[in-house]
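What follows is a short report for a reader who is meeting this structure for the first time. Please keep the sequence and the model in view while reading.

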Amino acid sequence: MKKMRPDEISAIIKSKFPQVTEEAGTNYIIVPKESILEVSQYIKNPPLALDNLHCITGIDRKEKIEVVYTLYSIGEHHGVTLKVNLTLEDLNVASVSAIWKSANWLEREVYDLFGVIFSGHPDLRRILNPYDWQGYPLRKNYSNPDFIAKPRM
Amino acid sequence: MDATQTKDMYTEEFLINMGPQHPSTHGVLSLELKLDGETIRGCTPHIGYLHRSMEKIAENRTFTQFIPFTDRLDYVASMNNNLGYVMAVEKLLNLEISERAKYIRVIIAELNRIASHLIATGTFAQDLGAFATPLFYCFREREKIVEIFDQICGNRLTYNYMRIGGVMADLSGEIIEKIKEFIEYMRPKIDDYDELITYNVIFLARSKHIGVLSKEMAINYSVTGPNLRGSGVKWDLRKDEPYLVYDKLEFDVPVGENGDAWDRYKVRIEEMRQSLRIIEQAIESLPQGDVTVKVGRVHKPSVSETYFRTENPRGELGFYIVGDGSVYPYRLKIRSPSFSNLAVLPELVKDIKVADIVCVLGSFDVLMGEIDR
Amino acid sequence: MLSILTIIWALIVGIIVLGFIAASAMFLIWWERKVSAHIQSRYGPMRVGWHGVLQSVADAVKLLLKENIIPAEADKLVWWLAPFIAVVPPVMAFVVLPFGKNLIVKDLNVGVLYLMALSSVSVIGIFMAGWGSNNKYSLIGGMRSAAQIISYELPLILSMIIVAMQAGSLSMQKIVLAQAGCWNIFHPNLAIAFFVYLTSATAEINRVPFDIPEAESELVAGFHTEYSGMKFAMFFIGEYTNLFIISAIAATLFFGGWQGPVLPGVVWFLIKSYGIVFVLMWVRWTFPRLRVDQLMGFAWKVLTPISFFNLALTGWLLIK
Amino acid sequence: MAVIEKIPCAKIIEKVPGGGFFLTTSESILKWGKESSLWPMTFGLACCAIEMIATGAPRFDIDRFGAGVFRASPRQCDVMVVAGTICVKMNDCIRRLYAQMPEPKYVIAMGNCAISGGIFYYDTYSVTKGTESLGINVDVFIPGCPPRPENLLFGLMKLQEKIRNEKNAAR
């Protein structure tokens, strides 16, 4: 089977879900946070068969937090990247851990480091930091008394 | 509490904490086990005891300054971590490196893969109770590789050898001779392991049909590397999405049949053989030329994002790098293979004996350094 | 007058035996470390004395100095008694070991039976240690040990009975003398009995591949997790004395005891015993460990039927 | 705890002619035992743990110095080799392990991370700045990231030296 290019994949997704957009200059697909579950459900199954949720990343863009889902297909050898933008006021997004089991720990990690709340997650606790940790360390405005910044040249 | 209760006697499950200091948790993993006698009824892993906040550090280091930190992620396969990181940065910078550097990277990465699999083999046998002997044999062989690395870059464990735009130093003729000697030395040793460990009756009894990970579950949990191949999925980034010069080299991708602990172990043993083949071919076709391309000390990528993954000994190591036009990465996410590999553990250890959880964990070959980052 | 002499004689014998036990245990610990080191292509202890012969002495001195921690939640009496109960039975077993023609503390006419009885006692010590420590790992270790030793008792005793049947006596000296012409190991049925004996005896003293009670990679240190200092050393001494005892019994029952040409009997006896000890060490540093259910299955499904069959075979051969 | 306190009736023996000689001899024997049998704890935190195993492995063989008996239970150890980065989540665990060890006990801080936080000193929110900041007294510091096995052996010898020169009141 011919390997699909990212733009072909995003074309398929866009034709199915009109609400998704493409980030300018890249092939990253921006999904509104309400429709992450149905998009996930669709792309997990053939024809796209993206059965491998490789990585979930949070990015603190100061005014918003991006959650990036990196997906690959073992059988079809192609991949796609989804993005969900969350405003700081409402950091809720549906959990995809029922669709891909690997999301369980990956989402816990994003919750731990960024404070994004994945609703519907079976066990949303901190994972890397102690359970009683305060704050979300990878936010850009995070501060901690023990934190010693390296002097920059 | 689901316990069997009669009128005067009752039994109850008890909790036992395995770790963070326990001889077979491979570092500082903590497992909370719910036991019914010897049988495990539930298992909750607690991680983060080695969380050094690498991703926060990365935001305050230049791209070159972060290379030493990648050494300390998966510290038994530092070269492969270096490789994954510098290749991700090169992809971000659209940098093409010289042909010789590519071959050298392949040779070094494969040597380190053997070193890493040796530790995996040794600790697995140790976990099954073959006290120290297989582990020390594996360390004896690993010492040869470490010696070569020591000669190349001056350190035994944290190499910092791969650089953005090439490698730190060229391989001299003497080192290439040493690597060739090592290949000759290593081949019969792997056969020795087959005799000592792989086909040992007790070893087979202990590891066959234990912790069976089905194909579907492996993919769904995003298990990668030898653990995925042990479940029978023929997926190896070096073959399926070749980087460097892997597409020019000939090697097989060993796969397991049942997805049990023994299969995962066996895949590693076979991969060592394949790695030796790769190194041999790479040395034969090593071209002449520079090992670094001229790049500045600081790198300023444009505002862009990239995700790049390489095949590490433990699975697929991915780096998600966001550049904001400055010399520091805006965000650097490390997708470590062991993290996803460990997540599947609670599924596999239900209703098996205490002794088997050690076996399953050992066969997954997780490393806390890259799980906690 | 006679009775005083007897008491003095008994004391001298006791001191000699105890001295031998201490020396033997220390030697075995050092030897095990050297054997394991050489198997693993290392040197092992090198710095104290010639090739580290004094290593066990140094360890003993150090363990004497160590603080003796009693866990707050421990069952104090049980916890205290356990190491003694673990160490006394192997010491008592020396009574019936025939070191030479006349070199035996007391040739009991029920020698074999006495040994069988003693081998069941040490499990109580281990189980007490596991229970008294009030530590979950220790408890699992103690439970495993109890289950294991009770299971392996049966094949062990059956294989010893076969020897007694062959010799027509339970006395250790008579068994040795019965092997004057041909060592027991050269009879096919007794050779089977020997392998059953050695396997079950290895399980009795908790050595690899049957070391599940202390299984380091699973239970940290098993039943002696909470023990420190001299109490821990006592378990160690008990373990290594046991190792010598089972080898010595094997040498007596199957390899003709102290009999052998040229050299004096005691030398032959020690050569044979330490030879078997070496084999056990070799096994220990080569094999992985069995799982608890496999271990029990092996005892009940393989060793016990073989022993019963062997028993019947021996009986048939004797009355034929 | 002074070694000499362990000898029964030390005060009386000292007064007997030749008793002083006896005491010093037995004290040096006890010290010899202590220094030649330092059992480390099986306790690896991070990268340095691999080098610690390598020190036990054939090429370097820490067992030559009598320190090759890696015990997993803290009750049976003499020396805690803190091999690796100490993270905040691990603090209590390390304190507890140290407390569980019986006296006399020693601590070797292996590697920069165990000394001061090392490479993870700056820009991190979850790394403890060294073993001493946990309130554990360290006997030997071995710098390096990670220290080579030879360094660990040297550190062990330094510890032996320290035990040899121990004044009675020191410990």
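## Unusual backbone sites

In chain B, B:Leu244 counts as buried because it has 20 C-beta neighbours inside 10 Å. The model is a predicted one, and this residue lies in the loop of chain B between helix H10 (237-240) and helix H11 (261-284). B:Leu244 is a residue other than glycine, yet its phi is positive, near 45°. A second residue of chain B with a positive phi, although it is not a glycine, is B:His209, where the angle is about 60°. B:His209 sits in the loop between helix H7 (201-207) and helix H8 (215-220) of chain B, and because it has 13 C-beta neighbours inside 10 Å it counts as partly exposed.

Chain B also holds a hairpin, formed by E2(B) and E3(B) with 2 residues between them, and B:Gly37 in its turn has a positive phi of about 70°. The two strands, E2 (residues 30-36) and E3 (residues 39-46) of chain B, run antiparallel and are joined by 7 bridges. Within this pairing, B:Ser30 stands opposite B:His46 in E3(B).

Two cis peptide bonds of chain D are set out below.

| Peptide bond | Omega | Place of the proline |
|---|---|---|
| D:Glu103 to D:Pro104 | near -10° | loop between H4 and E2 of chain D |
| D:Cys145 to D:Pro146 | about -10° | loop between E3 and helix H6 (149-164) of chain D |

## The build of chain D

Chain D has 6 helices and 3 strands, and from the N terminus on its elements run α-α-α-β-α-β-α-β-α. Its C-alpha trace spans about 65 × 35 × 25 Å along its principal axes. The chain is divided into domain 1 (4-35) and domain 2 (47-164), and the centres of these two domains, taken over C-alpha atoms, are separated by 31 Å. Of the 171 residues in chain D, buried residues make up 51%. Among the contacts in chain D between residues at least 6 apart in sequence, 75% join residues at least 24 apart.

How are the strands of chain D arranged, and is their pairing parallel or antiparallel? The 3 strands form an open sheet in the order E1-E2-E3, and the pairing is parallel. Strand E1 (79-83) and strand E3 (140-142) of chain D stand at the edges, each with a single partner strand, so one side of each is left without a neighbour in the sheet. On average, neighbouring strands of this sheet are turned by 15° against each other, direction ignored.

Between E1(D) and strand E2 (residues 106-110) of chain D there are 5 bridges, and the two strands run parallel. D:Ala83 stands opposite D:Met110 in E2(D). Helix H3 (residues 47-56) of chain D lies across E1 and E2 of chain D, and runs at about 130° to E1(D).

## Contacts between chains

Of the 5 pairs of chains that touch, chains B and D have the most contacts between them. This contact takes 31 residues from chain D and 26 residues from chain B. On the side of chain D that touches chain B, the elements that give two or more residues are H3 and helix H4 (91-100) of chain D, and the largest share, 6 residues, comes from H3(D). By class, this side of chain D has 21 nonpolar, 5 polar and 5 charged residues. Helix H3 of chain D therefore appears both across E1 and E2 of its own chain and on the side that touches chain B.

Chain A and chain C, in contrast, do not touch, and their nearest C-alpha atoms are 25 Å apart.

## The nonpolar core

In soluble globular proteins, nonpolar side chains tend to be buried together. Here the largest nonpolar core has 291 residues, and those with the most contacts inside it are B:Val360, C:Ala250, D:Val82, D:Ile108 and D:Met110. The element that gives the most to this core is helix H9 (residues 229-254) of chain C, with 17 residues.

Which residues are in contact with C:Ala250, leaving aside its neighbours within four places in sequence? They are C:Phe194, C:Tyr197, C:Leu198, C:Phe255 and C:Ile276. D:Met110, also named among the residues with the most contacts inside the core, is the residue of E2(D) that stands opposite D:Ala83.

Note on methods. Residues numbered from 1 in each chain as written. Chains lettered and ligands numbered in written order. Predicted model: local features only at pLDDT ≥ 70, side-chain atom pairs only at ≥ 80, totals over all residues. Pairing = 2+ DSSP bridges. Helix = DSSP H or I, 4+ residues; strand = E, 2+ residues; numbered from the N terminus. Axes fitted to C-alpha atoms, helices over the stretch in contact; angles between N-to-C directions. Contact = placed C-beta atoms within 7 Å. Nonpolar A, V, L, I, M, F, W, Y, C, P; charged D, E, K, R; others polar. Domains from an automatic or database assignment. Core = buried A, V, L, I, M, F, W, Y, C linked by C-beta atoms within 7 Å. Buried ≥ 20, exposed ≤ 12 C-beta atoms within 10 Å, placed from the backbone.
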